[in-house]
Structure formats: C-alpha cells, structure tokens
Amino acid sequence: MQTWHDIIGPCKAQDYFQQALLTVAQARQSGAVVYPSDHDIFNAFKYTPFDKLKVVIVGQDPYHQPGQAMGLSFSVPVGCPVPPSLQNIYRELKNDVPGFSVPNHGCLIPWARQGVLLLNSILTVKAGQPMSMRGIGWEQFTDAVIAAINEHCEGLVFMLWGNAAKNKCAHVNRERHLVLEAAHPSPLSASRGFFGCHHFSQANTYLHAKGRTTINWQLPVYLDGSEQL
C-alpha cells in the first residue's frame with residue numbers, strides 16, 4: 001500500500017523543496033514571523049493519509065494573522081474567529097447539504113481525517129504579508145504533489161475555487177477524476193459563482209457511485225473553545 005512517503009518522497013529530494021525550507025529557516029533566523037509553525041507546515045499530509053484520499057481542495061497561501069494558520073487550506077484552529085471565505089463555504093454547505101448546521105469554529109480537521117486534502121499552493125507566509133513567500137519553491141513542490149496524485153490515484157474529486165486553483169490543476173485527468181470548478185468563496189467573488197455550485201453534494205454523489213464512503217461535511221460543535229479536535 002502506497003503512502004505519502006512513496007508519493008512525495010521524490011519531490012522532497014528536489015532542489016526547490018530544499019530551497020523553500022532554507023528560505024523559511026533564514027526568514028525566521030532574521031527575525032521574521034512566519035506562519036504556520038514548522039510543526040504545522042505539512043499538516044495537510046499528516047491529517048489525510050494517502051490511502052484515504054478522496055477529495056482535494058486547493059487554497060493559495062496560509063492565513064497571515066496571528067493564531068490562524070494551521071497547515072490546512074481554509075481552516076483555522078478552534079477558538080479563532082471564522083474567516084470570511086470559510087463563512088461563505090459554510091453558507092454554501094447549508095444550502096447544499098440537507099441538515100448541515102453552521103458550527104461555532106473553523107477547524108476542518110474532521111474533513112481532513114476523512115480524506116479531504118486541504119492543500120495550499122504556498123505553504124508558508126510572513127505575518128501580515130499575504131503571498132509574501134510566493135516563488136521560494138513551494139509552488140513547484142505542490143505542483144509535483146498534484147501531478148503525483150493525478151497519476152497514482154483514481155476517482156478523486158478536485159474542488160477548484162478561483163482561477164489560481166483552476167490553473168494549478170489544469171492538467172488533472174478529467175476522465176479519471178471529477179473536477180469541479182467555481183468562483184473563489186472570498187466575499188469579493190462568492191456571489192459570482194461559488195454560491196449555488198453544489199460541490200459538496202456533487203462530490204458525495206460521485207464518491208457513492210464509485211462505491212466509496214462519502215464525506216460527512218458536518219463539523220462538530222465545541223462548547224469550550226479550548227478543546228482540540
């Protein structure tokens with residue numbers, strides 16, 4: 001049975017990956033605050049085992065304010081205010097998935113554990129500076145990850161929101177995978193094609209047709225913000 005080590009191990013040996021790690025380390029050494037912590041940078045792979053992979057959701061770069069970034073696209077820790085894009089994702093879920101109720105947090109770890117890869121194109125960011133670590137090697141790494149997933153998997157669902165995600169996954173084989181495209185859920189664009197896209201129900205319809213367990217999109221409600229998932 002293949003693992004992430006088998007799939008992305010060769011990518012980690014490449015110069016672009018080593019350059020990205022070095023640039024992050026040098027930024028931290030120079031006094032810059034970089035999100036997320038080193039421990040959390042690769043959480044997308046830690047929380048979603050390769051053999052459970054079912055859905056890929058591609059983001060751009062991590063949240064850049066304190067306490068937000070956790071190594072999963074669109075996700076924030078329990079106790080952190082839910083960002084606007086994730087609020088819009090919840091709004092679409094409520095309209096798309098019968099019985100979905102909006103949770104009181106933005107932690108998407110339960111999705112990740114079910115097989116939803118929450119992958120940002122760029123894995124780190126400097127505090128208060130969105131897209132500040134573009135071009136240091138992360139994009140090449142995540143391009144290689146997506147190419148490897150496309151090659152080694154069958155029957156995945158790619159949810160591509162916004163042009164950046166669509167362009168990044170332009171080479172995904174649409175005969176082997178379901179590719180769903182919509183506007184980005186950001187407040188600037190959600191009303192131009194994200195609301196009403198029905199990606200979550202479409203994903204489950206596809207997975208069910210493939211004989212795979214569907215995703216339970218409902219997130220638990222936590223009464224104590226200090227609780228960890």
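1. The lining of the largest cavity is made up of eight nonpolar residues, two polar ones and no charged ones. Keep in mind that this is a predicted model. The volume of this largest cavity is about 50 Å³.

2. Which residues form that wall? The lining of the largest cavity consists of I41, A44, F45, P62, G71, L118, L119, N120, I122 and L123. Two elements, α3 (43-47) and β3 (116-120), give two or more residues each to this lining. The largest share belongs to β3, with three residues. Glycine counts as polar in this scheme, so G71 and N120 are the polar members of the list.

3. How many cavities of 30 Å³ or more does the structure hold? There are two. The second largest has a volume of about 30 Å³.

4. The second largest cavity has its own set of lining residues: V58, G59, Q60, F74, W161, A164, A165 and H184. Here β2 (55-59) and α7 (163-168) each supply at least two residues. Among the lining residues that fall within the β2 range are V58 and G59. A164 and A165 fall within the α7 range.

5. What is the make-up of the second lining by residue class? It divides into five nonpolar and three polar residues, with no charged ones. W161 and F74 are among the residues lining this cavity, and both count as nonpolar. H184 also lines this second cavity.

Notes. Residues are numbered from 1 along each chain as its sequence is written. This is a predicted model: local features need pLDDT of at least 70, side-chain atom pairs count only at pLDDT 80 or more; totals for chains, interfaces and linings use all residues. Side-chain values use heavy atoms; hydrogens and water are left out. On a 1 Å grid over the protein atoms alone, a cavity is a set of points where a 1.4 Å probe fits but cannot get out, and a pocket is an open set with protein on both sides within 12 Å along at least five of seven lines; lining residues have an atom within 4 Å of a point. Grid points are joined across faces, edges and corners, and a volume is the space filled by probe spheres set on the points. Helices (H or I, at least four residues) and strands (E, at least two) are DSSP runs, numbered from the N terminus.
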